[in-house]
Amino acid sequence: MKVFEPTRRAKRLAGAVLVLGLIAGCIAFVDRIQRLGIEPSQITLPADGAEHDALRIRLPASSLATWLPSWLEPGGTITEDTASPRLRLVEDPSGRTSMDGLLQSPVNPGHAQLHLLWRRRLLRVPVTFVFDPSDSYSDGTPDFLRLHTGEDRQAFRNWFTSIAEVQVDQAKIPAEIDDCAALLRFAYREALHAHDESWLAGHPAEALSAVPSIRQYVYPETPLGANLFRVRPGPFLPEDTNDGSFAQFADARTLMKRNTYLIGRDIRRARPGDLIFYRQLDQDSSYGTLRYHSPFHSMIVCGETASWVVYHTGPIHHGKGEMRRLLVSDLLHHPDARWRPLKDNANFLGIYRWNILRESD
């Protein structure tokens with residue numbers, strides 16, 4: 001009887017090895033079929049600040065769970081690593097077989113990596129962002145400057161109007177604000193900044209209105225750098241980034257013609273952050289005791305219901321001028337008809353909106 005013991009042991013050992021081999025094979029098989037399919041494996045997108053359908057993730061077949069032993073069922077979820085660019089994963093509504101990856105591009109060209117976590121594995125997908133000179137409206141403003149989401153457009157409106165309104169209540173306003181166009185430039189530029197602790201420390205009054213900043217980009221970190229304002233006619237071209245087509249300074253006429261677009265001449269269509277432009281053909285047109293050096297004048301529409309305006313008067317005789325706030329209802333009945341925002345007033349040029357807020361309207 002002892003003669004057969006080694007054979008039995010060998011059989012048992014062989015059986016154990018076979019079982020372990022089958023288990024290892026099953027695990028390897030499950031691991032292989034449970035791998036994610038990512039297409040494309042390398043991504044190229046325009047650096048336009050918009051969200052793009054960047055990739056598709058094929059999920060492992062869920063039907064396997066109906067026959068796999070419970071101890072082999074893989075499970076798992078896909079998440080994006082915090083080191084990734086702004087990625088949003090959307091499940092395919094037709095079934096849990098795939099997911100779409102929506103990626104928000106930056107506005108500056110460059111390279112990045114998407115990090116996807118799946119079953120404790122880190123999957124990397126390289127992404128290249130290329131300079132995009134698109135100008136969807138041929139108005140001279142590149143698409144990478146336009147704010148593509150409703151949240152960013154509202155954030156800009158909130159900051160732009162808040163910064164402008166704060167100046168009305170300041171005992172001393174920044175020296176650069178010396179006329180109506182300077183107010184527009186100042187509030188526009190500061191609205192596009194990152195409103196972090198450093199910025200708020202230098203703008204304590206504006207800190208009272210600390211709402212979310214726009215997310216698409218931070219001034220001056222765009223292909224245009226500090227040159228925010230279009231100063232030459234024509235649609236945007238690649239060479240406009242460094243040929244003087246954009247500048248830090250623009251007067252009221254240039255802001256109106258190159259950086260905003262006409263909404264209409266009905267004041268009821270105005271929204272907070274919109275602009276009212278006038279042209280007083282007589283450069284010495286008086287507004288009370290005010291005399292303007294330029295025939296173009298602007299006001300900023302403010303308030304949740306667009307019920308008042310703020311503006312800088314420009315120089316008053318030999319003085320520096322001042323900031324003012326005025327109800328739209330009072331403006332409509334102003335004693336000097338040249339300042340009434342009415343269709344029959346030839347001096348009233350209309351309601352304008354910044355190009356960066358332009359939608360399909």
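**Talking through a predicted model**

Buried residues make up 45% of the 361 residues in this protein, and the model is a predicted one.

Biologist: Let's start with Gln216. What makes Gln216 buried or exposed?

Modeller: Buried means under 20% relative accessible area. Gln216 has 5%, so it counts as buried. You'll find it in the loop between helix H4 (197-202) and strand E9 (229-230).

Biologist: Which backbone oxygen does the side chain of Gln216 reach at 3.0 Å, and why is that called a polar contact?

Modeller: That's the backbone oxygen of Phe144. A polar contact needs a pair of N or O atoms within 3.5 Å, one able to donate a hydrogen and the other to accept it, so a pair at 3.0 Å is inside the cut-off. The backbone oxygen of Arg146 also lies 2.7 Å from a polar atom of the Gln216 side chain. Leaving aside neighbours within four places in sequence, Gln216 is in contact with several residues, including Asp48, Arg86, Gln104 and Asp152.

Biologist: Ser138 and Ala306 next. What makes the phi of Ser138 worth a look?

Modeller: Most residues other than glycine have a negative phi. Ser138 isn't a glycine, yet its phi is positive, about 50 degrees. Ala306 also has a positive phi, near 55 degrees.

Biologist: Where are they, and how do you know whether each is buried or exposed?

Modeller: Ser138 lies in the loop between strand E8 (121-131) and helix H2 (150-169). Exposed means over 50%, and Ser138 has a relative accessible area of 52%, so it is exposed. Ala306 is in the loop between E15 and E16; its 13% is under the 20% limit, so it counts as buried.

Biologist: Which peptide bonds are cis?

Modeller: Most peptide bonds are trans. A cis one joins Glu39 and Pro40, with omega about -10 degrees, and the bond from Tyr219 to Pro220 is cis too, with omega near 5 degrees. Pro220 sits in the loop between H4 and E9.

Biologist: Now the sheet of six strands. Why are E11 and E17 at its edges?

Modeller: The order is E11-E18-E12-E15-E16-E17, with antiparallel pairing, and the sheet is open. E11 (260-264) and E17 (323-327) each have a single partner strand, so one side of each is left without a neighbour in the sheet.

Biologist: How do you know that E12 and E18 pair?

Modeller: Pairing takes at least two bridges. E12 (residues 275-279) and E18 (residues 348-354) have four, so they pass, in the antiparallel sense. Phe277 stands opposite Gly350 in E18. Helix H3 (residues 180-191) packs on this sheet, touching E12 and E18 among others.

Definitions and conventions. Residues are numbered from 1 along each chain as its sequence is written. This is a predicted model: local features need pLDDT of at least 70, side-chain atom pairs count only at pLDDT 80 or more; totals for chains, interfaces and linings use all residues. Side-chain values use heavy atoms; hydrogens and water are left out. Helices (H or I, at least four residues) and strands (E, at least two) are DSSP runs, numbered from the N terminus. Contact means heavy atoms within 4.5 Å. Axes are lines fitted to C-alpha atoms, for helices over the stretch in contact, and angles run from 0 to 180 degrees between N-to-C directions. Buried means under 20% relative accessible area, exposed over 50%, partly exposed in between (1.4 Å probe, protein chains only).
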